Amino acid sequence: MTVRPLQAQTTAAQERPTVTPRSTRPRERGIPEATVARLPVYLRALQGLAERGILTVSSEDLASAAGVNSAKLRKDLSHLGSYGTRGVGYDVDYLVYQISRELGLTQDWSVAIVGAGNLGRALANYGGFGTRGFRIAALLDADEGVVGDEVAGLHVGHIDTLEDVVSTERVSIGVIAVPAVAAQGVCDRFVEAGVTSVLNFAPVVLNVPPAVDVRKVDLSIELQILAFHAQRKADGRAPAPPGGRIGAKEKA
Ligand SMILES: NC(=O)c1ccc[n+]([C@@H]2O[C@H](COP(=O)([O-])OP(=O)(O)OC[C@H]3O[C@@H](n4cnc5c(N)ncnc54)[C@H](O)[C@@H]3O)[C@@H](O)[C@H]2O)c1
């Protein structure tokens with residue numbers, strides 16, 4: 001690894017080059033979804049290296065910082081046309097830029113959150129989205145008693161304004177933070193208003209047209225998986241191999 005002084009660093013993400021909307025999205029160019037899912041992990045690791053003033057990084061060091069094996073990392077990055085330089089490794093800033101560009105993070109995205117309850121307010125208050133290029137443009141709710149509240153500098157709007165907000169704020173991503181029973185209805189309204197990316201926190205499977213991408217976040221599922229592993233450890237059983245099949249190791 002090469003280390004340079006902190007003040008000398010500017011990451012490609014910070015520079016935020018002007019971006020022309022990309023016509024070649026990952027799936028169109030054949031980047032596997034599993035690779036796409038790991039790109040943000042590499043990006044976070046690279047940004048950590050850049051913050052420490054590190055200019056170049058080997059695939060082994062980057063893999064270790066990202067918590068994956070180096071062969072997988074090299075294969076993933078080859079999908080971006082990034083192979084590093086033999087004996088030198090990858091240029092940290094350039095790789096940050098390449099991954100950011102591939103993920104569509106070199107442009108800002110406007111986000112609307114529906115549901116100004118515990119979760120919606122926490123999300124709106126989280127400063128980390130803005131610094132990563134996700135602007136929370138609106139927080140909407142159906143409850144008249146909540147509409148008008150100020151949260152993170154935004155006034156909670158009425159759900160009936162959703163279509164107007166999507167249009168005027170050019171909302172690209174809709175976040176659903178309403179109870180499960182209301183989630184499909186909110187999702188339908190986002191879709192009808194032209195939103196094609198939905199982040200769903202409600203514990204329900206949403207039906208959407210094929211052109212709409214839905215990502216579901218469910219912390220209780222993550223906790224249940226952790227509980228499974230904790231139980232295995234408590235029972236003195238071998239830990240499940242990362243990414244491997246449970247039980248395969250036990251038979252060997
Ligand atoms: N994915 C996760 O890890 C996770 C974690 C916590 C909560 N949740 C889920 O997130 C959702 C919100 O949880 P919460 O604790 O913030 O609930 P909450 O009751 O505090 O807030 C829900 C808000 O949605 C509003 N709402 C209800 N129907 C609506 C509609 N049709 N249009 C607009 N607004 C509407 C309510 O008025 C309320 O303000 C729930 O579905 C919950 O299960 C998910």
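Let me begin with a definition: helices and strands here are DSSP runs, helices of at least four residues and strands of at least two, numbered from the N terminus. The structure I am presenting is a predicted model.

With that in place, consider the segment from residue 104 to residue 205. The unreviewed UniProt entry annotates this range as a CoA-binding domain. Over these residues the chain is 31% helix and 27% strand, and the C-alpha atoms at the two ends lie 26 Å apart. The same record places a DNA-binding region at residues 41-80. That segment is 70% helix and 10% strand, with its end C-alpha atoms 15 Å apart.

For the chain overall, there are 11 helices and 11 strands. Of its 252 residues, 27% are buried. If we take the contacts between residues at least 6 apart in sequence, 58% of them join residues at least 24 apart.

I turn next to helix 5, which spans residues 92-103. Its 12 residues reach 16 Å from first C-alpha to last, close to the 16 Å expected at 1.5 Å a residue. Is this helix enclosed or exposed? Nine of its 12 residues are buried, so helix 5 is largely enclosed by the rest of the structure. Among the buried residues are Val-92, Leu-95, Val-96 and Ile-99, and also Asp-93 and Glu-102. Directly after the helix comes Gly-104, with a positive phi near 80 degrees. Gly-104 is also where the annotated CoA-binding range of residues 104-205 begins.

The next topic is the sheet. Six strands form an open sheet in the order 8-5-4-9-10-11, with parallel pairing. At its edges are strand 8, residues 157-158, and strand 11, residues 213-216, each of which pairs on one side only. Within the sheet, strand 9 (residues 173-176) and strand 10 (residues 197-200) run parallel and are joined by four bridges. In this pair, Gly-174 stands opposite Val-198 of strand 10.

Finally, the ligand. Which of the 25 residues around the ligand come nearest? They are Gly-115, Gly-117, Leu-119, Asp-143 and Leu-219. Two elements, helix 6 (118-125) and helix 9 (180-192), give two or more residues to this shell. Helix 9 contributes the most, with four residues. By residue class, the shell divides into 17 nonpolar, five polar and three charged residues.

To close, I would draw attention to two points: helix 5 is largely enclosed by the rest of the structure, and the shell around the ligand receives its greatest contribution from helix 9.

Technical notes: Residues are numbered from 1 along each chain as its sequence is written. This is a predicted model: local features need pLDDT of at least 70, side-chain atom pairs count only at pLDDT 80 or more; totals for chains, interfaces and linings use all residues. The expected span of a helix is 1.5 Å times one less than its number of residues. A residue is buried if 20 or more other C-beta atoms lie within 10 Å of its own, exposed if 12 or fewer, and partly exposed in between; C-beta atoms are placed from the backbone. UniProt positions are given in the numbering used here, feature names are shortened, and annotations may be inferred rather than shown by experiment. A residue is near a molecule or strand if its C-beta atom, placed from the backbone, lies within 6 Å of it. Ala, Val, Leu, Ile, Met, Phe, Trp, Tyr, Cys and Pro count as nonpolar, Asp, Glu, Lys and Arg as charged, and the others, Gly among them, as polar. Two residues are in contact if their C-beta atoms, placed from the backbone, lie within 7 Å. Two strands pair if DSSP finds at least two bridges between them.
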